[in-house]
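Here are a few friendly notes to read alongside the structure. Keep the 3D view open and find each place as you go.

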Amino acid sequence: MPVPGPGYSITVRVEAPPSASAAGDLTSAVGRVGGVITAFDVVESHSDRVVVDITCNAMSANHARDITDAIEALPGVAVRKVSDRTFLMHLGGKIEVTAKVALRNRDDLSRAYTPGVARICQAIAENPDDARRLTIKRNTVAVVTDGSAVLGLGNLGPAAALPVMEGKAALFKKFAGVDAWPVCLDTQDTEEIIRAVELIAPVYGGINLEDIAAPRCFEIEARLRDKLDIPVFHDDQHGTAICVVAALRNALRVVGKDLADCKVVVCGVGAAGSAIIRLLLQRGPRDVVAVDIAGIVTRERPDMDANLAWVAQNTNKADQSGTLHDALVDADVFIGVSAPNLFGAEQVATMAKGAVVFALANPDPEIDPVEAHQHAAVVATGRSDYPNQINNVLAFPGVFRGLLDAQAKTITDAMLLAAADAIADTVDGDRLNPSFIVPSVFDAAVAPTVADAVRKAAQA
């Protein structure tokens, strides 16, 4: 199911004989092993050799090596260098700090720094709320992690989490003009994380928790919301939930169903799955059946943590038991935030007519989308190389833009649902179809629309 993509793009610098067939031989070698060429550039041309850069997409690091080996196996061809374009993008990091004011002379310096800055300090000391007006606090978010659940890679620690947090900060700036900064904490102790965020909170207008493993993430978020006077938002939970609820609203429009009549199966009851269930229940589905590695979550299951116990008490009205395959029978909707390759087309065939399948595990979904399409009416994934990509970037930039603009001190379910509706409404009736239920992450209308909806809900 994997296909070559830009995440594994390489540029191979090759020295080859100057024959008429050189270009064809090189491109054929890449194609034979499944690479996709995106650029072919002649760097040098001599009477006895030609030097070219071949840029191509691969499926994995191993596949990239296969492509390089296939090129080097050609007679008279030598590979000079292989550049991984993803690593090149990350050299030196992806974000920086730049000054918003000019410091051209002594007058500028006197106002921006000493002695003029002392007046600003005194004003904030007298009225702490002025920090939102007179400092970066009004437009700045901390992206906080302990590195315990990095993407789908597991507990990599804070240093390895930094590239993800940098990327998050870049997305905040690109899509919503929000200044965000990575805060990667060298601890996975719940109390230390809470205390560390408390200590840095005066600088920020909001806290975005990221890649913190369940179930600790639930307690950390809940307690920080109680302690701080700025919004605390765990994107792995609520960003995912917002996007799923938005996409589901439009998917059900496509198939002509009402959520109140639907049985929804949610596979994966960690941070994302639990938040999806909690937000979805606000919209009144007929039933939600939660499934994890041990099967359907029932009230009788022993030794549940507080989060799973809540899920058990608020789902599975029919008290169904069994496996994921059992849960899928007659289900209208499948939402997966779990693991790859859990079921196939034969299980989708047991779902209700007009089934909706959201297979969101990354990089490999719970079911191959091609198989799902055999019986499902609408299919979505978390991948960018298939239609209907459900991606948190649709939500979190606009959500924080709206929170900051409203100078919100907390975040509520009403704001999350407002964001979901704003995303769904961005796809108007003329464009809505089975392959287009959510807008593109590059749709410039999304973040401002979400921000406006969140701001209004915050001020209501």
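1. Before you start, remember that this is a predicted model. A good first stop is where helix 7 (residues 158–176) packs against helix 16 (residues 396–405), with axes 9 Å apart and an angle of about 70°. Angles of 65 to 115 degrees count as roughly perpendicular, so that word fits helix 7 and helix 16. The crossing is right-handed.

2. Which residues of helix 7 meet helix 16? They are Lys168, Leu171, Phe172, Phe175 and Ala176, and their partners in helix 16 are Phe396, Pro397, Gly398, Phe400 and Arg401. Sorted by class, this contact has seven nonpolar, one polar and two charged residues.

3. Now turn to helix 8 (residues 190–200) and helix 9 (residues 216–227), whose axes cross at roughly 35° and come within 10 Å. Here the contact counts five nonpolar, one polar and six charged residues.

4. Side chains of opposite charge can pair when their charged atoms come close. The structure has 28 salt bridges. Try Asp108: its salt bridge with Arg104 has closest N and O atoms 3.0 Å apart, and the one with Arg111 has them 3.3 Å apart. Asp108 is buried at 7% relative accessible area, whereas Arg104 is exposed at 67% and Arg111 is exposed at 58%.

5. Finally, look at the salt bridge between Asp332 and Lys257, with closest N and O atoms 2.7 Å apart. This pair links distant parts of the chain, 75 residues apart. Is Asp332 buried or exposed? Asp332 counts as buried at 8% relative accessibility, while Lys257 is partly exposed at 23%.

Key:
Residues are numbered from 1 along each chain as its sequence is written. This is a predicted model: local features need pLDDT of at least 70, side-chain atom pairs count only at pLDDT 80 or more; totals for chains, interfaces and linings use all residues. Side-chain values use heavy atoms; hydrogens and water are left out. Axes are lines fitted to C-alpha atoms, for helices over the stretch in contact, and angles run from 0 to 180 degrees between N-to-C directions. Helices (H or I, at least four residues) and strands (E, at least two) are DSSP runs, numbered from the N terminus. Angles under 35 degrees count as roughly parallel, over 145 as roughly antiparallel, 65 to 115 as roughly perpendicular and the rest as oblique. A crossing is left-handed if the near helix is turned anticlockwise from the far one by less than a right angle, and right-handed if clockwise. Contact means heavy atoms within 4.5 Å. Ala, Val, Leu, Ile, Met, Phe, Trp, Tyr, Cys and Pro count as nonpolar, Asp, Glu, Lys and Arg as charged, and the others, Gly among them, as polar. A salt bridge is a side-chain nitrogen of Lys or Arg within 4 Å of a carboxyl oxygen of Asp or Glu. Buried means under 20% relative accessible area, exposed over 50%, partly exposed in between (1.4 Å probe, protein chains only).
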